[in-house]
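User: Please go through the labels given to parts of this structure and set each one against the criterion behind it.

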Amino acid sequence: MYWVLSLLLLLPYSINAIEGYKNYSGYQIFQLSPQTDKHLEYIGKLDEGLGFELDVLRAVNKIGSHSEVLVPPGKINHIIRSLTDNNITYEVAVDDVGAIVARERRALANPNPGTFDPFHYYSYEDQMKYLDFVASRRFSFVTQGIIGYSSERRPIKFLRIGFPSRQFKPSLVIEAGIHAREWIAPATALHTIHELTTDGVYENLLKTIDIYIIPNTNPDGYEYSRLHDRLWRKTRSGPRGPQRCFGTDGNRNFPYFYAFDGTSRDPCSDIFHGDGPLSEPEAAGLSRFLLAHKKTIRGFISLHSYGGNILYPWGHKKRTYPEDVRDLIWAGNRMAAAIEKVHGTKYKVENSADGLYPAAGATDDYAKSIGIKYTFTMELRPTDSETLAKRGFELPPQEIKGAAEEAFEGIVELAIIIRNE
Ligand code: ARG
Ligand code: ZN
């Protein structure tokens, strides 16, 4: 009897072992500091064009900011030579990614399903259990729904939080997790649900606005990142092409300047735009959801990491802005001020193409294009200045709480702005 039980308990781990886990042993993260336009141009081709085919963890297109790239052990000597030849200042930010991945894995304890624990990253299943718990406890104030199913048929759930009303209520949509490895994004979405449903001070606000939260838009990718490859970014559709590569960048799959700059037609690329607009069920689901609720939606925030930015459209091209861009900058600045008050963290309000890089077919541009006024992408912690110490996507679990608390104030600020209009 007991050995049957322990066998069952071991099962998830053995499945994991059979399918393999990418250990990243010997991989390094280089932080690059471009000082000229030539440097920027060079860094822009590290993923495609120079033959390095590196995973660019954070790209930038501004002199004075930093970019991080992941370098496999076999390419380290080559990249150092090339960076030196091109006079690019760099620093090895992480000298063994494998050590961090292993440490992080050891710290992955399962939280109590059904409760909210701000010190752990949840499995997809535990995230969903938490949604069920909240929805079942707060009947009519919280309703649960499904925007669609992922490629591997996982339900993509959302909660609507707000008191029923006979009057018109505007709404704000928070979407998180379209990029699998950005774990702090779903964690922040769960924290937001927790705060809104347990702290009475938000009740008044929620009588006049509804907040929709989709805490994990890419559950397949998220689970893949947890169980097989920590730095997985895309969905898990496929395989495609002669190399049988998996996944599409969900944030390149939307029909607004689809397949324009900052996307790739190569299915093996991390920014592969998919087979066509909305080819991914995850993107199609989100698009359907937004169109269905378009009449009430006044704001949309896509949660990502990392960098500490509040990004506004358009993102497909530099120096191209919507006509009401002043309103967005004004709202973005208010959000940044609300965030800074919490723990002093400074978010930069900037246009996504000017501040980071052009990237077409993203959720934010799409939301704006269908008429949602206040549309942003938030790049959560670590912020630019902390990146070296905090290791990019692998934000330590002790930092979830602080990161989520400050982002939450930014979200509430936008809800207040929308409600007051
Ligand atoms: N880090 C995000 C990405 O690469 C930024 C998206 C910003 N929005 C945009 N439309 N470019 O997908
Ligand atoms: Zn992202």
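What follows is a set of questions and answers on a predicted model.

User: Why is glutamate 379 called buried or exposed, and where does it lie?

Analyst: Glutamate 379 has 26 C-beta neighbours inside 10 Å, and because the label "buried" asks for 20 or more, glutamate 379 counts as buried. Glutamate 379 belongs to strand β12, residues 374–383, and the UniProt record, an unreviewed entry, places the feature "active site" at Glu379; such annotations may be inferred rather than shown by experiment.

User: What is glutamate 379 in contact with, leaving aside its neighbours within four places in sequence?

Analyst: With those neighbours left aside, the contacts of glutamate 379 are His304, Ser305, Tyr306, Gly307, Gly308, Asn309 and Leu311, where contact requires C-beta atoms within 7 Å. Tyrosine 306 is found in strand β9, and the peptide bond leading to tyrosine 306 from serine 305 is cis, with omega near 10 degrees. Another cis peptide bond, with omega about 5 degrees, joins glycine 238 and proline 239, and proline 239 is placed in the loop between α8 and α9.

User: Why is glutamate 104 called partly exposed?

Analyst: The count for glutamate 104, in helix α4, is 18 C-beta neighbours inside 10 Å; since "buried" starts at 20 and "exposed" applies at 12 or fewer, glutamate 104 counts as partly exposed.

User: Which label do asparagine 87 and arginine 153 receive, and why?

Analyst: Asparagine 87 has 11 C-beta neighbours inside 10 Å and arginine 153 has 9 other C-beta atoms within 10 Å; because the limit for "exposed" is 12 or fewer, asparagine 87 is exposed, and arginine 153 is exposed as well. Asparagine 87 sits in the loop between α3 and β4 and has phi near 60 degrees, a positive value in a residue other than glycine. Arginine 153, in the loop between β5 and β6, is not a glycine either, yet has a positive phi of about 70 degrees.

User: How do you know that strand β8 is mostly covered, and what pairs with β8?

Analyst: Five of the five residues of β8, which spans residues 210–214, are buried. The burial extends to both faces, with Asp210, Tyr212 and Ile214 on one side and Ile211 and Ile213 on the other. In a regular strand the side chains alternate between the two faces of the sheet. Strand β6 pairs with β8 in the antiparallel sense over three bridges, and β7 pairs with β8 in the parallel sense over five bridges; as pairing asks for at least two bridges, both cases meet the criterion. Tyrosine 212 is the bridge partner of arginine 160, while isoleucine 213 stands opposite isoleucine 174.

User: What makes the reach of helix α9 close to the expected value?

Analyst: Helix α9 has 13 residues and reaches 18 Å from its first C-alpha to its last, close to the 18 Å expected at 1.5 Å a residue. Among the buried residues of α9 are Pro281, Leu286 and Phe289, and what covers the buried residues of α9 includes β5, β6, β7, β9 and α12.

User: How do the residues of the shell around ligand 1 divide, and which helices supply at least two of them?

Analyst: The shell holds five nonpolar, five polar and two charged residues. Asp364 and Asp365 are among the residues surrounding ligand 1, and because Asp counts as charged, they belong to the charged group. Helices α11 and α12 each supply at least two residues of this shell.

Terms used
Residues numbered from 1 in each chain as written. Chains lettered and ligands numbered in written order. Predicted model: local features only at pLDDT ≥ 70, side-chain atom pairs only at ≥ 80, totals over all residues. Near = placed C-beta within 6 Å. Helix = DSSP H or I, 4+ residues; strand = E, 2+ residues; numbered from the N terminus. Expected span 1.5 Å × (residues − 1). Contact = placed C-beta atoms within 7 Å.
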